[in-house]
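Colleague: Could you walk me through how to read contacts, burial and helix packing in a model like this one? I would like to see each idea applied to a case.

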Amino acid sequence: MTRNEILRAQIPHTLREAEFPALGELYRGKVRDNFAKGSRIVMVTTDRLSAFDRVLTTIPFKGEVLNQITAFWFEKTKDVAPNHLQDVPDPSVLVVRRLRPLSLEMVVRGYLTGSLWRDFQAGRGAKAYGIDLDPALKKDQRFERPILTPSTKEEMGKHDLPISPRELVGRGTLTQRQWDEIAQYALALFAKGQEWARTRGLILVDTKYEFGVDEGGKIFLIDEIHTPDSSRYWIAEGSEERFRKGEDQKMLDKEFIRQWLIRERGYQGEGPLPEIPDEVRAELAGKYVELTEKLTGKEPSLAVGDTRARIEKALRAKKYL
């Protein structure tokens, strides 16, 4: 079977929800189903696709390639920021240290693109983050240095909201010391990500990080890192020329589906969920797989079959069930 045929064949077997009550108390995020018990959390990365803060459909093999990228980056950046990873018992599962998550998403941007560009066009710029942008900036233009544009961490189904560091500290979401430490971690992680991406023929354009604290107040990187769900990647070759010509960048990330939704369905998060054809789901899956290969240098093992059954077997083998 060709890769596209494998991706299409897996669509009936995609994992929308993980039901493993024996693992502990369930918290369901946009993509991950987290089971907490004692000092650990078993994070099952499902195949759910979210965009504009809405869960829309599933993408074949999405959970396992996201997991593979996250595990790869946690290992590569553990000298930059401590993280919560303890074990990877299955391609779609992480076992992590249980921490108290901080209620923000730390977004780092290297270029004026995506939602920030849409805000810029609407005249809002980055004022919500306490940042003044040069009005002469153009779409996809590189900032002189990366900027921090944090957002609140809202419940599933609600839009995360832009917020300034001053507001975060003022409302008690975190202390000034915590903000300073997280900002330092985020910029260092982003620099490490951009450096590695360049060696792989890619540009890490922007990303988001999440953090948690232990009982002693130590801060850890949590959730995921530098995945196509949480980050924007462009193909480096020809990027400058495309920018000069005002052409769209070549993307290997979830922005593909956002642009498709806007262009083909006129959808930006409001109203009924749009139908997404199987060929579009498979095309996005192909981009995720290609990015995984480029970043890690390893071709993901794509075996068509029952994802949930495979996860259960692996969890039982490692005595988590």
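Modeller: Happily, and let us begin with one side chain's surroundings: not counting residues up to four places away in sequence, glutamine 178 touches Leu102, Val213 and Ile219. Keep in mind that this is a predicted model.

Colleague: Is glutamine 178 buried or exposed?

Modeller: The cut-off for buried is under 20% relative accessible area. Glutamine 178 has 9%, so this residue is buried. Glutamine 178 belongs to helix H5.

Colleague: What does helix H5 contribute to the largest nonpolar core?

Modeller: First, the idea: a nonpolar core links buried residues through side-chain atoms within 4.5 Å. Here the largest one has 40 residues, and the members touching the most others are Met106, Trp179, Leu202, Tyr209, Phe211 and Tyr233. Helix H5, spanning residues 176-199, supplies eight residues, the largest share of this core. There is also a second, separate core of 24 residues, with Ile6, Trp260, Ile276 and Leu302 among them.

Colleague: Which residues is tyrosine 209 in contact with, beyond its neighbours within four places in sequence?

Modeller: The list for tyrosine 209 is Leu104, Glu105, Met106, Val108, Ala186, Leu189, Phe190, Leu221, Ile225 and His226.

Colleague: Now a residue in a strand, please. How should I class valine 88 by its relative accessibility?

Modeller: Between the buried limit of 20% and the exposed limit of 50% lies the partly exposed class. Valine 88 has 38% relative accessibility, so it counts as partly exposed. Valine 88 sits in strand S6, residues 85-90. With neighbours within four places in sequence left aside, valine 88 makes contact with Asn67, Ala71, Val93 and Leu94. As for distances along the chain and through space, valine 88 and valine 42 lie 46 residues apart in the chain, and their C-alpha atoms are 9.6 Å apart.

Colleague: What about a pair with a longer reach? How far apart in space are glutamine 249 and aspartate 134, C-alpha to C-alpha?

Modeller: The C-alpha separation is 22 Å, for two residues 115 apart in sequence. Glutamine 249 is in the loop between helix H6 (239-245) and H7. That loop residue is buried because its relative accessible area is 7%. Beyond four places in sequence, glutamine 249 touches Asp140, Trp234, Ser239, Arg242 and Phe243.

Colleague: Next, helix packing. At what angle do helix H2 and H8 cross?

Modeller: Roughly 20 degrees, with the axes of helix H2 (residues 62-76) and H8 coming within 10 Å. That makes H2 roughly parallel to H8, since angles under 35 degrees count as such. The crossing is left-handed. H2 brings Lys62, Val65, Leu66, Gln68, Ile69, Phe72 and Trp73 to the contact, and H8 brings Tyr288, Val289, Thr292, Leu295 and Thr296. By class, these residues are eight nonpolar, three polar and one charged.

Colleague: And how do I describe H1 against H8?

Modeller: Helix H1 (residues 3-10) packs on helix H8 (residues 278-296) at an angle of about 120 degrees, the axes being 9 Å apart. That makes H1 oblique to H8. H1 passes H8 in a right-handed crossing. On the H1 side are Arg3, Asn4, Leu7 and Arg8, which meet Asp278, Glu279, Ala282, Ala285, Gly286, Val289, Glu290 and Glu293 of H8. The residues of this contact comprise four nonpolar, two polar and six charged.

Colleague: Are H7 and H8 roughly parallel or roughly antiparallel?

Modeller: Helix H7 (residues 255-265) and H8 pack at about 150 degrees, with their axes 10 Å apart. H7 and H8 are therefore roughly antiparallel. Phe256, Ile257 and Trp260 of H7 make the contact with Val280, Glu283, Leu284 and Lys287 of H8. That contact has five nonpolar residues, no polar ones and two charged.

Colleague: Last one: backbone angles. Where is phi positive in a residue other than glycine?

Modeller: Take aspartate 223, where phi is near 75 degrees, and lysine 319, where phi is near 70 degrees. Aspartate 223 lies in the loop between strand S13 (219-222) and strand S14 (231-235) and is buried, at 16% relative accessible area. Lysine 319 is in the segment after helix H9 (307-317) and is exposed, at 69%.

Methods:
Residues are numbered from 1 along each chain as its sequence is written. This is a predicted model: local features need pLDDT of at least 70, side-chain atom pairs count only at pLDDT 80 or more; totals for chains, interfaces and linings use all residues. Side-chain values use heavy atoms; hydrogens and water are left out. Axes are lines fitted to C-alpha atoms, for helices over the stretch in contact, and angles run from 0 to 180 degrees between N-to-C directions. Helices (H or I, at least four residues) and strands (E, at least two) are DSSP runs, numbered from the N terminus. Angles under 35 degrees count as roughly parallel, over 145 as roughly antiparallel, 65 to 115 as roughly perpendicular and the rest as oblique. A crossing is left-handed if the near helix is turned anticlockwise from the far one by less than a right angle, and right-handed if clockwise. Contact means heavy atoms within 4.5 Å. Ala, Val, Leu, Ile, Met, Phe, Trp, Tyr, Cys and Pro count as nonpolar, Asp, Glu, Lys and Arg as charged, and the others, Gly among them, as polar. Buried means under 20% relative accessible area, exposed over 50%, partly exposed in between (1.4 Å probe, protein chains only).
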